[in-house]
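Thanks for making time for this one; I would like to walk through a single model with you, element by element. Please have the structure open while I talk.

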Amino acid sequence: MPEMVFLLGDTRLARHDNHRRLPRAFRTAGWSVTELSQDAVRLTANGVSLGETDPLRFDLIWLLGLGPADTFFDRMQLLHQLPQQRLVVSVDALMYWHAKYAWWRHMPETHAACEAEYLKRRLAGGGDWVIKPAAGSYGRDVQRICDNAAGRAAIERLTDGGRRYCLLQRYVAEIEQGEKRTVVAGGQIIGSYLRTPKPGVPGEFRSNLSLGAAACLTELSSGERELVTDLAHDLAARGVGFAAVDTAYPYLMEINLAGPGGLATLHELSGRDPAPAVVAAVCAWRGFQ
């Protein structure tokens, strides 16, 4: 019987049920599943351990979420010593590809800096822009701005005197039709749904479900499918077995590979649990049939 270990963050803070849904799906598929806190990552006299357990006992290791911020780099340095083909999402991927920076070539024109004056000079070039924190989530502190006092003040606030990076991204009209979230696993597309901004709120363009956006099942157009398929294959090649890809075609808006939501929403909208398809795709990708 193959063995999987899930390394979990603080599940009390979870915005979705991946920490319950995915272990259950692996057990149903015949795997022996262990669940540990990410705090269980240790260095011992014999090397890296997961609690009292040799990590090489497990066929697959899956970190769900980034875990506590203060100890993130310690865990990554320790886990980097393990064979990365055993991780569903590799350490290099978590370090370098889970970010709003990594995929900028597919995004609307994007600038990032902790220097407010640089971003204000870009803003002064004219047009509509979106400002967002580099490490933000759930639409917090994301706003549409232009070159006026309010826009410049937003840049000053988010860069916080040079202590924080933020992104300045060209506003694109395509976002007004909503974003499509596509869950991918093992280089395969699992399912997609459309998120549209909360109705009745003038000027609202954010399509985060946590902010009241609406969701419905959707199909990808041929162009969207080509883009997402290419990204899914690229992710798999970089050691990413599970991710959520957000698009407002022809643009990529974001890729989440640390703790992406979407499975529960797909289940609610379709009436079919997508987790077994995730398990099958991850297993095929890592060579388990």
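So, in this predicted model, let me begin with the open sheet of four strands, whose order is β6-β9-β7-β8 and whose pairing is antiparallel. The edge positions are taken by β6, residues 110-113, and β8, residues 143-145, and because each of them has a single partner strand, one side of each is left without a neighbour in the sheet. If we ignore direction, neighbouring strands of this sheet are turned by 25 degrees against each other on average.

As a general reminder, strands of a sheet pair through backbone hydrogen bonds, and they may do so either parallel or antiparallel. Here, strand β7, which covers residues 129-133, is joined to β8 over three bridges in the antiparallel sense, and Trp129 is the residue that stands opposite Ile145 in β8.

What packs on this sheet? That is helix α4, residues 116-123, which touches β6, β7, β8 and β9, the last of these being residues 166-170, and the direction of α4 makes about 160 degrees with that of β6.

Let me turn to another strand pair, β13 at residues 242-248 and β14 at residues 251-256, which run antiparallel and are joined by five bridges. The connection from β13 to β14 is a hairpin through two residues, and if you look for the bridge partner of Asp246, you will find Glu254 in β14.

Next, a helix pair: the axes of α1, residues 18-28, and α7, residues 263-270, come within 10 Å and cross at roughly 75 degrees. With angles of 65 to 115 degrees counted as roughly perpendicular, α1 is therefore roughly perpendicular to α7. On the α1 side the contact is made by Asn18, Arg21 and Leu22, and on the α7 side by Leu263, Ala264 and His267; sorted by class, that contact has three nonpolar, two polar and one charged residues.

Finally, I would like to single out one residue, Leu194, which lies in strand β11, residues 188-196. Is Leu194 buried or exposed? Its relative accessibility is 18%, and since buried means under 20%, Leu194 counts as buried. Leaving aside residues up to four places away in sequence, Leu194 touches Gln177, Gly178, Glu179 and Lys180, and also Ala214, Ala215, Cys216 and Thr218. As for Leu217, the C-alpha atoms of Leu194 and Leu217 are separated by 6.2 Å, although the two residues are 23 residues apart along the chain.

Terms used: Residues are numbered from 1 along each chain as its sequence is written. This is a predicted model: local features need pLDDT of at least 70, side-chain atom pairs count only at pLDDT 80 or more; totals for chains, interfaces and linings use all residues. Side-chain values use heavy atoms; hydrogens and water are left out. Axes are lines fitted to C-alpha atoms, for helices over the stretch in contact, and angles run from 0 to 180 degrees between N-to-C directions. Angles under 35 degrees count as roughly parallel, over 145 as roughly antiparallel, 65 to 115 as roughly perpendicular and the rest as oblique. Contact means heavy atoms within 4.5 Å. Ala, Val, Leu, Ile, Met, Phe, Trp, Tyr, Cys and Pro count as nonpolar, Asp, Glu, Lys and Arg as charged, and the others, Gly among them, as polar. Two strands pair if DSSP finds at least two bridges between them. Buried means under 20% relative accessible area, exposed over 50%, partly exposed in between (1.4 Å probe, protein chains only).
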